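Thanks for coming. I will keep this short: the surroundings of a ligand, then a few single residues. Please look at the screen.

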Amino acid sequence: MPLQVSPSDKKLHVAIIMDGNGRWARARGLPRTMGHKAGIEALRRTLEAARDFPISHLTLYSFSSENWGRPVEEVHDLMGLLRYYLKHELATLHKNNVRLRIIGDRTRLDADIADMIVAAEAKTAGNTAITLTLALSYGGQQEITDAVRSIVAKVANGDLAVDAISTETIGAHLYTHDMPNPDLVIRTSGEQRLSNFLIWQAAYAEFVFQDVLWPDYGREHLEAALVEFRARERRFGK
Ligand code: IPE
Ligand code: IPE
Ligand code: MG
């Protein structure tokens, strides 16, 4: 079923857990890295499609805090692909009016990647077509822990009263402080779990689990997820 798109559509924040690269490669007798490489192509296709749908924010789970525990070689290859993506894709992103953001624990990234991120964010800061956020070295529990640390530091300094701490205070101290909460969280590959992704922000998100491995993902899958999202009734507890 095609998605009916009208300029008056509410713009959505869609977050995707891009899963299944390893299984995609294994099914072809290829090394896992080839699955991650093919995953970058899927990322390109998905971003391009997202620009044609009512999506203001696309957030992609690219590397979790727990993924640091994978074999060193795989981590090394993933960081290599990330370097390659940032280096070669930035001009296209900028030309397409895409704002690039990275959320996650940057202190664990190699210095050259951290520097590239700062530069890419600065270059694209004024872009308005869509915000592409890569969750890198990201974990929701770690994000909340960091937020608690900075809030407690403010309390200890006398800059914040304990009674003034609200859910908004927590939200304002997360990496995502300047973006709306996700409306829709998609996970590919058939797994049905959050794996530490946006655990605070997804409190009222709709979930769509799709039985496609991430390297095979594209426009038709994103469109199908949006059609399913539209059919849901969101109540927010009311
Ligand atoms: C997702 O694919 C990419 C990352 C987590 C970096 P996986 O590498 O998890 O692939 P599967 O789940 O093993 O198939
Ligand atoms: C979640 O996928 C992380 C990313 C997609 C980047 P994983 O493959 O790491 O998650 P688990 O281990 O299946 O929960
Ligand atoms: Mg996986």
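Strand β2, residues 55-64, gives the largest share of the shell around ligand 2, namely three residues. This is a predicted model, so please hear every value as computed from it.

Which residues surround ligand 2? Going up in number, the list starts with Ile-17, Met-18 and Asp-19. Then come Tyr-61, Ser-62 and Phe-63, followed by Asn-67 and Arg-70. Arg-187, Arg-193 and Ser-195 complete the shell. Sorted by class, four of these residues are nonpolar, three are polar and four are charged.

Now the polar side of this site. Asn-67 has a polar side-chain atom 2.9 Å from an oxygen atom of ligand 2. For Arg-193, an N or O atom of the side chain is 2.8 Å from an oxygen atom of the ligand. For Ser-195, the corresponding distance, again from a side-chain N or O atom to an oxygen atom of ligand 2, is 2.6 Å. How much of ligand 2 does the protein cover? On its own the ligand has 390 Å² of accessible area, and the protein covers 77% of that. As for location, ligand 2 sits in the largest pocket.

Next, some backbone angles. Ser-189 is in the loop between β5, residues 184-188, and β6, residues 206-210. Its phi is near 80 degrees, which is a positive value in a residue other than glycine. Is Ser-189 buried or exposed? Its relative accessibility is 8%, and the cut-off for buried is under 20%, so Ser-189 counts as buried.

Asn-196 also lies in the loop between β5 and β6. Here phi is near 70 degrees, again positive and again in a residue other than glycine. Asn-196 counts as buried because its relative accessible area is 11%, under the 20% limit.

The last residue is Thr-33, in helix α2, which covers residues 32-50. Why is Thr-33 called partly exposed? Its relative accessible area is 22%, and partly exposed is the class between the 20% limit for buried and the 50% limit for exposed. Thr-33 can also be placed relative to Asn-21: the two are twelve residues apart in sequence, and their C-alpha atoms are 8.3 Å apart in space.

To recap the site: ligand 2 sits in the largest pocket, with side-chain atoms of Asn-67, Arg-193 and Ser-195 at the distances I gave. That is all from me.

Definitions and conventions:
Residues numbered from 1 in each chain as written. Chains lettered and ligands numbered in written order. Heavy atoms only, no water. Near = heavy atom within 4 Å. Polar contact = N/O pair within 3.5 Å; in protein donor to acceptor, adjacent residues only side chain to side chain. Areas by Shrake-Rupley, 256 points an atom, 1.4 Å probe, with all protein chains shown as cover. 1 Å grid on protein atoms, 1.4 Å probe; cavity = no way out; pocket = protein on both sides within 12 Å on 5 of 7 lines; lining within 4 Å. Sits in = over half its atoms within 2 Å of the grid points. Helix = DSSP H or I, 4+ residues; strand = E, 2+ residues; numbered from the N terminus. Nonpolar A, V, L, I, M, F, W, Y, C, P; charged D, E, K, R; others polar. Buried < 20%, exposed > 50% of the residue type's maximum accessible area, 1.4 Å probe, protein only.
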